[in-house]
Amino acid sequence: MGLCCGISWLYAILVTALGIALCNIFTRKKKDLKGKHVLITGGSSGIGLSVAHDVAGRGANVTLIARSVSNLEKARDEVAGTISKVASGGKVQFFSADLSGSPEKVSLAVKSAEASLGPVFMLVNCAGFSRAQKFEDISPQLLKQMMDVNYTGSFIITQEVVRSMKQQREGVVVFTSSQAGLLGLYGFTAYSAAKSALVKLAESLHMEVKPYNITVTVCYPPDTDTPGFEEENKTKPVETKLISEAAGLFKADDVAKQLVEDALSGSFSSTVGFEGFLLTTLCAGMGPITDAKSFMAQVFLSGIIRVITSFYLWKFARTVEGEYKKRAAGKKSE
């Protein structure tokens, strides 16, 4: 009994010492955006626009990149209104570009943005879209489009910006993945694949750019109330709707605020909500260790979380099976 008690106390002391040591190692001063240049793709709506408002409120100069000129003009005016309220003297500009198109045009947009507002200090990749469909209904054209916009576009523009960041020896890169990038779901065979590819891109890039004082953050938004989410719902199978509704619908401003806070703190993962915490903790794998709190949760809670998430998976399977039986019964009655 005495031996077990002694071992327990020793274990508690070692865990406490590890926690204190990690806090000392990973505690960073939050980066300041005042007067810095933040470039946001997909910045004309949704999470990207909310990020623009947030960083503008922190005194940043903002560049918005998207395809629609009319949406960009409206977004620019809105962000300019935020800048005027905080009286930071910041500026906002936009460039129309298709990130899935010509790499040369993307490069030109970045160079033009930097010529006006200086080197990009923070890049936030928010451009992307989702279409939820059954696997066999996804056309080759839609598959290519989803990979081009969600993955390749982020890859190309980040390449361009990182070259400049390395010269400046500082920077922040953010990729917007999705909780579906950590969990394969019914209807998201193409979307989950594209968003999970971003995660491995981010992990690899983090290792490459760390010596240059450049940090990498991946945001994993849940279902978020945006125009893109409304469009996604138009083709979403009933199984996908039932599964995703369980986690609720979040506001773009809340996701954006957490994204910016985590990115400026140097955290690799950013998410909101209980399900987001479960997923990022359980799926950390060999991902970068950037803060003590997340690391301790991964070490000591992963087993418990695996048990908890098994009930989610059971519920999802029941949902899919239930809808299958409904359709089968409907066919028999015809």
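The following paragraphs describe the central sheet, the helices around it and selected loop residues of a predicted model.

In this predicted model, local features rest on pLDDT of at least 70 and side-chain atom pairs on pLDDT 80 or more, whereas totals for chains, interfaces and linings use all residues. Residues are numbered from 1 along each chain as its sequence is written, and side-chain values use heavy atoms, with hydrogens and water left out.

Seven strands form an open sheet with parallel pairing, in the order 3-2-1-4-5-6-9. Strand 3 (92–96) and strand 9 (269–270) are the edge strands, each pairing on one side only. Helices (H or I, at least four residues) and strands (E, at least two) are DSSP runs, numbered from the N terminus; two strands pair if DSSP finds at least two bridges between them. At one edge, strand 6 (residues 214–219) and strand 9 are joined in the parallel sense by two bridges. Valine 218 has serine 269 in strand 9 as its bridge partner, and cysteine 219 stands opposite serine 270 in that strand.

Two helices that pack on the sheet were examined with respect to the strands they touch, where contact means heavy atoms within 4.5 Å. Helix 2 (residues 46–57) packs on the sheet and touches strand 1 (37–41), strand 2 (61–66) and strand 4 (120–125). The direction of helix 2 makes about 170° with that of strand 1. Helix 4 (residues 103–117) also packs on the sheet, touching strand 1, strand 2, strand 3 and strand 4, and its direction makes about 165° with that of strand 3. For these angles, axes are lines fitted to C-alpha atoms, for helices over the stretch in contact, and values run from 0 to 180 degrees between N-to-C directions.

At the other edge, strand 2 and strand 3 pair in the parallel sense over five bridges, and valine 62 has valine 92 in strand 3 as its bridge partner. The chain passes from strand 2 through helix 3 (residues 69–86) to strand 3 in a right-handed β-α-β crossover. A crossover is termed right-handed if, with the strands pointing away from the viewer, the path from the first strand over the helix to the second runs clockwise. A right-handed β-α-β unit is likewise made by strand 5, helix 6 and strand 6. Strand 5 and strand 6 run parallel and are joined by six bridges, with valine 172 opposite threonine 215 in strand 6.

Strand 6 is covered on both faces. Ile214, Val216 and Val218 on one side and Thr215, Thr217 and Cys219 on the other are all buried. Here buried means under 20% relative accessible area, exposed over 50%, and partly exposed in between (1.4 Å probe, protein chains only). Asparagine 213, in the loop between helix 6 (189–209) and strand 6, counts as partly exposed because its relative accessibility is 44%. Asparagine 213 has a phi near 65°, a positive value in a residue other than glycine.

Helix 5 (residues 140–168) comprises 29 residues and reaches 41 Å from its first C-alpha to its last, close to the 42 Å expected at 1.5 Å a residue. The expected span is 1.5 Å times one less than the number of residues in the helix. A kink of about 40° is centred on aspartate 148 in helix 5, the bend at a residue being the angle between axes fitted to the seven residues ending there and the seven starting there. Just after helix 5, arginine 169 takes a positive phi of about 60°. Most residues other than glycine have a negative phi. Arginine 169 is located in the loop between helix 5 and strand 5 (171–176) and is partly exposed, with a relative accessible area of 48%.

Two further buried positions make contacts with residues distant in sequence. Alanine 190, in helix 6, is buried, with a relative accessible area of 5%. Apart from neighbours within four places in sequence, alanine 190 is in contact with Ile138, Leu143 and Met146. The C-alpha atoms of alanine 190 and isoleucine 138 are separated by 7.9 Å, although the two residues are 52 residues apart along the chain. Threonine 226, in the loop between strand 7 (224–225) and helix 7 (227–232), counts as buried because its relative accessibility is 14%. Leaving aside neighbours within four places in sequence, threonine 226 is in contact with Gly46, Ile47 and Ala252.
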